[in-house]
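Hello,

Here is the structure I promised to pass on to you. Have a look at it first, and then read on for what I found in it.

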Amino acid sequence: MLTRTPAIVLSTIKYGEADLIARLYTRELGTQSYMLKGVRKSRKGKLRISYFQPLTQLEIETQHKGKGALEYIKEARVTPAYDSIHTDIIKSSVVLFFSEVLTQLLTEQQPDGDLYDYLSSIFQFLDQTDAVANFSIKTLLDLSVHMGFQPDRESMDLPYFNLMDGTFDNNGMLPHHATIEESNLIKLFLGTNFVEINEVKMNREDRNSLLNLVIDYFQIHLHVFKKPTSLTILKQLFD
């Protein structure tokens, strides 16, 4: 079946001397893996290696067979084209981090137009904004909604965030509860949008602590989720 669909590049691996296997999250087909023959040496073909940098957004045409094997892309074009996301060192570190996160989260993801549109819009936002410091925390909390284990907003009048069940309560016992300061920050992130995320004021130590906590929350609720290796780099970037 010939299918044209928007797609976001999640990750690639080298195959042989000239090929790539690309993992893409597509709007119409969900998560798919594609064999890109000769793309690492081709300079004139319809598919260029530069198209398959992490989180690049594409419009692809594929003869989708749906048999569980590697698929092939007939044509691809970059749309929308990013201005800074792959050249700014801070943004490129955020991209590397979310390439790892999404590769884990979207292993067998079925088509989900709302999730695709969300990812497409936030990475366009990241490309255009200078407000990068709090982006990762806000995005992870939003992704917990799409993955089905979001923090419970109805209990936000209580002081402590319980990582085990995603609610706020009066307990506060460590290690399964956030501190009251961390809990208040989570509430702020849940109550703000991307345009306003840098109004959540934190120093680097507080930001790193909260980022660790949110990663722990993912690991509790997704037992196969591993701490991204790029997390260490990401945590060094923001003061």
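Strand β1 (residues 2-15) pairs with strand β4 (residues 57-63) over seven bridges, and the two run in the antiparallel sense. One place to find this pairing is R4, whose bridge partner in β4 is E61. Please keep in mind as you look that this is a predicted model.

β1 also pairs with β2, again antiparallel, and here eight bridges join the two strands. A7 is a good residue to click on, with T26 as its bridge partner in β2. Between β1 and β2 there are three residues, and the two strands form a hairpin. In the turn of that hairpin sits G16, which has a positive phi of about 70 degrees.

From β2 (residues 19-26) you can step on to β3 (residues 30-36): this pair is antiparallel too, with seven bridges. T26 turns up once more here, standing opposite G30 in β3.

What do these strands build together? Five strands close into a barrel, and its order is β1-β2-β3-β5-β4, with mixed pairing. From one strand to the next, the twist averages 50 degrees.

Now for the whole chain. It contains six helices and seven strands, and along the sequence they follow the pattern β-β-β-β-β-α-α-α-β-β-α-α-α. The radius of gyration is 19 Å, close to the 18 Å that the globule rule gives for 239 residues, so the chain is as compact as a globular protein of that length. The C-alpha trace spans about 60 × 35 × 30 Å along its principal axes. Of the 239 residues, 48% are buried. Among contacts with a separation of 6 or more, 61% are between residues 24 or more positions apart.

Next, turn to helix α4 (residues 180-190). Which of its residues are buried? They are E182, S183, L185, I186, K187, F189 and L190. The elements that cover these buried residues include α3 (135-147), β6 (160-162), β7 (167-169) and α5 (204-221).

The meeting of α4 with α5 deserves its own view. The axes of these two helices come within 11 Å and cross at roughly 80 degrees, which makes α4 roughly perpendicular to α5. On the α4 side the contact is made by E182, L185, I186 and F189, and these meet S209, L210 and L213 in α5. Sorted by class, that contact has five nonpolar residues, one polar and one charged.

One last stop is N134, which you will find in the loop between α2 (113-128) and α3. Is N134 buried or exposed? It is buried, with a relative accessible area of 1%, and the cut-off for calling a residue buried is under 20%. Setting aside neighbours within four places in sequence, N134 is in contact with F189, I197, N198, V200, M202 and R207. F189 is also one of the α4 residues in the contact with α5, and F189 is itself buried.

If you would like a short route through the model, start at the hairpin of β1 and β2, follow the barrel round in its order, and then move to the crossing of α4 and α5 before ending at N134 in its loop.

Enjoy exploring, and write back with any questions.

Best wishes

Technical notes: Residues numbered from 1 in each chain as written. Predicted model: local features only at pLDDT ≥ 70, side-chain atom pairs only at ≥ 80, totals over all residues. Heavy atoms only, no water. Buried < 20%, exposed > 50% of the residue type's maximum accessible area, 1.4 Å probe, protein only. Helix = DSSP H or I, 4+ residues; strand = E, 2+ residues; numbered from the N terminus. Contact = heavy atoms within 4.5 Å. Pairing = 2+ DSSP bridges. Axes fitted to C-alpha atoms, helices over the stretch in contact; angles between N-to-C directions. Parallel < 35°, antiparallel > 145°, perpendicular 65-115°, else oblique. Nonpolar A, V, L, I, M, F, W, Y, C, P; charged D, E, K, R; others polar. Rg over C-alpha atoms; globule rule 2.2 N^0.38 Å.
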